[in-house]
Amino acid sequence: MADSSLDNMTSLARALSQPKQDLTKVCGVMPPRTVEGLPCRPCNEVRVFVINTGGTIGMVIHDDVLAPKANALVQSLRKLPILHDKLYAQNTCLYDYYGRNNTLVLPLSKANNRIVYTILEYKPLLDSSNMTPDDWVRIGKDIKDNYESYNGFVILHGTDTMAYTASALSFMCEHLGKPVILTGSQVPIYELRNDGRDNLLGALLIAGQFVIPEVCLYFYNKLYRGNRVTKVDAASFNAFSSPNLAPLATTELDITINWDTVWKPKTTARFQVSTELNQNVGLLRLFPGITADTVKAFLQPPMEGVVLETYGSGNAPDNRPDLLAELRKATDSGIIMINCTQCLRGTVSASYATGKVLMDAGLIPGGDMTPEAALSKLSYVLGKKDFDLNSKKTMISENLRGEMSAELDGAKLCLSDSRFIQAIAQSLSISCKEELKAICDAVTPTLACAAAKIGDIQALEALNKMGSNLWLGDYDGSTPLHVAASEGHLDMVQYLLSHGATVYAKDRYGDTPLSKAVRFRHKDVVKLLRKTGAHFSRDKLDGIGTELCSLAASGDMEGLEIWSLAGADLNKPGYDGKTAIQVVQAAGKTEAVEFLTQLM
Ligand SMILES: NC(=O)C[C@H](N)C(=O)O
């Protein structure tokens with residue numbers, strides 16, 4: 001790094017170390033402004049959209065068996081103080097703002113946040129054994145329709161097919177930037193002892209407070225990547241396992257997020273949901289003595305994609321030419337076949353002759369994918385009508401959403417190996433690994449922010465290569481993307497977005513990279529962030545009229561333009577009912593009127 005960069009870093013470090021007022025406390029009270037007659041919401045509120053699809057969590061015993069009960073969950077949650085703070089709802093006119101029927105609010109979280117959640121209940125509620133890909137599509141569409149209004153999503157779902165739905169949604173949700181968390185329970189929430197309350201509470205707290213841009217599954221104090229799980233126990237509260245990937249988070253004394261494992265989107269594209277799923281797919285489990293006729297029958301049209309569940313590290317009999325011939329015929333005819341192991345843990349490899357024969361028969365190795373993930377990946381990829389067969393096969397073998405472990409590309413240089421970190425450690429007399437990691441975690445966000453401030457992409461690249469997380473915030477929650485957006489470093493913003501930074505990060509003042517780019521008026525950065533899906537909250541945009549009018553009154557056309565690029569509707573009226581354009585018309589500024597008309 002050049003000397004001038006280091007100088008800049010020193011002054012930045014000084015600036016960053018100034019104490020700041022804790023606004024979360026200030027913001028905990030209702031601000032006096034009003035929007036359409038209603039008070040604005042306190043700024044420590046975060047919103048989660050809950051979709052209740054059914055499952056045991058909301059079941060009751062009827063005719064001696066458990067079945068879903070409609071229109072009962074919200075009423076019952078309202079009576080549970082850990083899942084609904086009645087007093088807060090009344091004091092802050094929550095129902096007037098969001099409607100009485102389906103909105104609830106959690107008590108204040110440890111981090112001082114209020115999670116306001118709105119429940120959409122499906123009709124009919126389903127035992128998840130009754131669910132089909134049409135239900136996955138419906139969930140996907142509802143996430144898409146509500147994406148900009150909420151910080152995160154929780155899907156209440158039966159446990160039996162939850163791993164399938166989680167896997168399918170992980171592929172369908174393209175360029176996802178917010179958490180989508182499936183959860184449910186083994187015992188109905190209405191019973192005295194149940195796991196539903198804890199599971200729902202944990203899922204809500206994570207979905208509302210952490211930008212984990214993944215489809216996840218939360219169960220029994222653990223957050224898993226959705227396409228890595230499988231149901232392993234029909235009777236225990238600990239019903240799921242993620243055999244080949246450690247949990248993304250654990251909720252014990254604290255909520256601990258394993259940020260190194262969290263999947264980063266690395267994209268500048270907007271979130272979308274792919275709803276074309278191909279249902280001509282299937283799972284075929286090998287067993288000793290399986291006949292070639294059985295295999296042949298299974299592979300008949302209209303079959304287009306098959307997950308072959310094989311033995312051990314992806315093995316099948318290599319002394320069965322009849323069977324292998326059927327597999328070869330199928331792959332030759334354009335059926336895509338994935339080789340997945342029947343084992344719970346481990347990966348497919350070509351270390352045995354009995355494994356190599358399947359490669360030779362045209363099967364694609366499925367690595368350590370679960371059969372649930374492999375099946376839904378096939379359904380998703382085969383649904384891509386514009387892709388030819390080879391592109392589809394390439395997609396299948398790629399790691400699209402962290403569903404399989406990437407092969408290690410050589411040992412990574414670790415930040416704790418860096419001389420700089422070691423020098424700090426030595427002067428602090430630190431020797432143990434945990435302490436060294438704590439230093440790295442404390443120092444690297446600040447270094448990354450300093451590099452972002454001066455637009456030093458090389459420095460960021462060096463930090464990235466050393467394994468530091470470029471999406472983490474400093475002590476103020478300010479991420480390198482916030483800094484680059486404030487400074488207007490477009491290349492840097494582009495670099496960060498393609499290396500896992502999230503546009504939804506909030507600093508402790510609630511500012512996002514987009515609000516920084518608007519404040520410092522960097523048009524190109526605003527455009528790029530918007531293209532990547534960044535947006536202001538509906539509340540902010542609904543109440544923007546007065547700010548627009550005051551920009552209009554002071555003739556600040558650049559300010560109005562930047563707000564328009566950031567998604568504001570220039571027709572929103574201010575507190576007195578006038579719009580920005582009416583303000584400039586009244587002042588007789590014809591040029592300004594023309595300028596604004598073009599923007600609208
Ligand atoms: N625990 C559960 O939710 C099981 C239930 N049969 C379901 O999957 O809907």
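This is a short conversation about reading helix packing, burial and backbone features in a predicted model.

Reader: Let me start with packed helices. What describes two packed helices?

Author: Two packed helices are described by the angle between their axes and the distance between the axes. Here is a case to look at. Helix 18, residues 490-497, and helix 20, residues 523-531, have axes that come within 9 Å and cross at roughly 20°. That angle makes helix 18 roughly parallel to helix 20, because angles under 35 degrees count as roughly parallel.

Reader: Which residues of helix 18 and helix 20 make the contact?

Author: On helix 18, look for Leu-490, Val-493 and Gln-494; on helix 20, look for Asp-524, Val-525 and Leu-528. By class, the residues of this contact divide into 4 nonpolar, 1 polar and 1 charged. The crossing of helix 18 past helix 20 is right-handed.

Reader: May I try a second pair? At what angle do the axes of helix 6 and helix 7 cross?

Author: Helix 6 (residues 133-146) and helix 7 (residues 162-172) cross at roughly 50°, with axes that come within 10 Å. Helix 6 and helix 7 are therefore oblique to each other. Helix 6 passes helix 7 in a right-handed crossing. The contact involves Pro-133, Trp-136, Ile-139 and Gly-140 of helix 6, together with Thr-165, Ala-168, Leu-169 and Met-172 of helix 7. In this contact there are 6 nonpolar and 2 polar residues, and no charged ones.

Reader: Now to burial. Which residues of helix 16 are buried?

Author: In helix 16, residues 457-465, they are Ala-459, Leu-460 and Leu-463. Seen down the axis of helix 16, these buried residues fall within an arc of 100°, so they line one face of the helix. Turned away from that buried side is a face with the exposed residues Gln-458 and Lys-465. After helix 16 comes Gly-467, with a positive phi near 90°.

Reader: Which residue elsewhere touches those buried residues of helix 16?

Author: Try Ala-451, which is placed in helix 15, residues 433-453. Leaving aside neighbours within four places in sequence, Ala-451 is in contact with Asp-456, Ala-459, Leu-460 and Leu-463. Ala-459, Leu-460 and Leu-463 are the buried residues of helix 16.

Reader: Is Ala-451 buried or exposed?

Author: Ala-451 is buried, because 27 other C-beta atoms lie within 10 Å, and 20 or more count as buried.

Reader: Let us look at helix 11. Which of its residues are buried, and what covers them?

Author: The buried residues of helix 11 (residues 353-360) are Gly-355, Val-357 and Leu-358. They cover an arc of only 155° around the axis, which puts them on the same side of helix 11. Their cover includes strand 19 (305-310), helix 10 (321-332) and strand 20 (336-341). Helix 11 is followed by Gly-362, whose phi is positive, near 95°.

Reader: Where is His-499, and which residues does it touch?

Author: Find the loop between helix 18 and helix 19 (513-519); His-499 is there. His-499 is partly exposed, with 16 other C-beta atoms within 10 Å. Not counting residues up to four places away in sequence, His-499 touches Lys-266, Asn-464 and Leu-470. His-499 and Asn-469 are 30 residues apart in sequence, and their C-alpha atoms are 9.4 Å apart in space.

Reader: Finally, the backbone itself. What sign of phi do most residues other than glycine have?

Author: Most residues other than glycine have a negative phi, and most peptide bonds are trans. Asp-64 has a positive phi of about 70° although it is not a glycine. Asp-64 lies in the loop between strand 4 (59-62) and strand 5 (65-68), and is exposed, with 5 other C-beta atoms within 10 Å. Cys-93 is not a glycine either, and its phi is positive, about 55°. Look for Cys-93 in the loop between helix 4 (86-91) and helix 5 (94-98); Cys-93 is partly exposed, with 13 other C-beta atoms within 10 Å.

Reader: Where is Pro-124, and what kind of peptide bond joins Lys-123 and Pro-124?

Author: Pro-124 is in strand 7, residues 114-126. The bond joining Lys-123 and Pro-124 is cis, with omega about -5°. The peptide bond from Pro-301 to Pro-302 is cis too, with omega near 10°. Pro-302 sits in the loop between helix 9 (292-298) and strand 19.

Methods. Residues numbered from 1 in each chain as written. Predicted model: local features only at pLDDT ≥ 70, side-chain atom pairs only at ≥ 80, totals over all residues. Axes fitted to C-alpha atoms, helices over the stretch in contact; angles between N-to-C directions. Helix = DSSP H or I, 4+ residues; strand = E, 2+ residues; numbered from the N terminus. Parallel < 35°, antiparallel > 145°, perpendicular 65-115°, else oblique. Left-handed = near helix turned anticlockwise from the far one by under 90°. Contact = placed C-beta atoms within 7 Å. Nonpolar A, V, L, I, M, F, W, Y, C, P; charged D, E, K, R; others polar. Buried ≥ 20, exposed ≤ 12 C-beta atoms within 10 Å, placed from the backbone. Arc of directions from axis to C-beta.
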